[in-house]
Amino acid sequence: MFKNTFQSGFLSILYSLGSKPLQIWDKEVVDGHVKRIQDDDIHSNVLEILGTNVHSSYITCPPDPAATLGIKLPFLVLILKNMNKYFTFEIQILDDKNVRRRFRASNFQAMTRVKPYICTMPLRLDEGWNQIQFNLADFTRRAYGTNYVETLRVQVHANCRLRRIYFSDRLYSEEELPPEFKLYLPMQKA
């Protein structure tokens, strides 16, 4: 999808305020929903993914199972809300040995497991809104001893609220981020 696109800085693949946030995504929903709602904490539209089973309600990008994202930027950032329920997301990458590998992070797993084609790891979420920064190059090197080449696919499962998912060439400080990439939390009244 983005293989022939010049990639530097930021590349957003989901933004809840866009006119069609799921334009380049496919959704699978069993006993749940994927819909845009107003979040009371940030007073903004967000994409809510809820389901009774995390594995049967999810969104995936790109929608065509044969297509790949082709994103070479090594940092994945998810801005999401902890719903205090089971939640997981998965990234499929290609390494320099031309092997497709997956990283799955979930808040219901206690330990990291590295298998030949999938690395599963625990994810600790704070209360409310979280910014998850995922260094794909570092994870690929530490788990498999190979080098990250590109991201092929991203899947986000129930249960969470999403504000934005983007890739970047490096980690940016809050001051360096463009305004639309920040999560504004309302000011607390004293």
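**Sheet.** I began with the strand order and found an open sheet of 7 strands, arranged 2-5-12-7-8-10-9 with mixed pairing. I noted that this is a predicted model. The edges are strand 2 (26–28) and strand 9 (113–114), each of which pairs on one side only. At the strand 2 edge I looked up the neighbour, strand 5 (residues 58–61), which runs antiparallel to strand 2 and is joined to it by 3 bridges; within this pairing, D26 stands opposite T60.

**Helix on the sheet.** I then turned to helix 1 (residues 136–144), which packs on the sheet and touches strand 7 (88–95), strand 8 (100–106), strand 9, strand 10 (118–122) and strand 12 (148–157). The direction of helix 1 makes about 105 degrees with that of strand 8.

**Aromatic rings.** I found 11 aromatic pairs in the structure. One of them is F89 with F134, an edge-to-face pair at 5.7 Å centre to centre, with 75 degrees between the planes. This pair links distant parts of the chain, since F89 lies in strand 7 and F134 in strand 11 (residues 129–135), 45 residues apart. I checked the accessibility of both: F89 counts as buried because its relative accessibility is 0%, and F134, with a relative accessible area of 4%, is buried too. Both residues belong to one aromatic cluster, formed by F87, F89, F103, F134, F139 and Y144.

**Arginine over rings.** Lastly I looked at R164, whose charged end sits over the ring of Y15, 3.7 Å from its centre. R164 also lies over the face of F181, at 3.9 Å from the ring centre.

How values were computed. Residues are numbered from 1 along each chain as its sequence is written. This is a predicted model: local features need pLDDT of at least 70, side-chain atom pairs count only at pLDDT 80 or more; totals for chains, interfaces and linings use all residues. Side-chain values use heavy atoms; hydrogens and water are left out. Two strands pair if DSSP finds at least two bridges between them. Helices (H or I, at least four residues) and strands (E, at least two) are DSSP runs, numbered from the N terminus. Contact means heavy atoms within 4.5 Å. Axes are lines fitted to C-alpha atoms, for helices over the stretch in contact, and angles run from 0 to 180 degrees between N-to-C directions. Rings of Phe, Tyr and Trp (its six-membered ring) pair if their centres lie within 6.5 Å; planes under 30 degrees apart count as stacked, over 60 as edge-to-face and the rest as tilted. Buried means under 20% relative accessible area, exposed over 50%, partly exposed in between (1.4 Å probe, protein chains only). A charge sits over a ring if NZ of Lys or CZ of Arg is within 6 Å of the ring centre and within 35 degrees of the ring normal.
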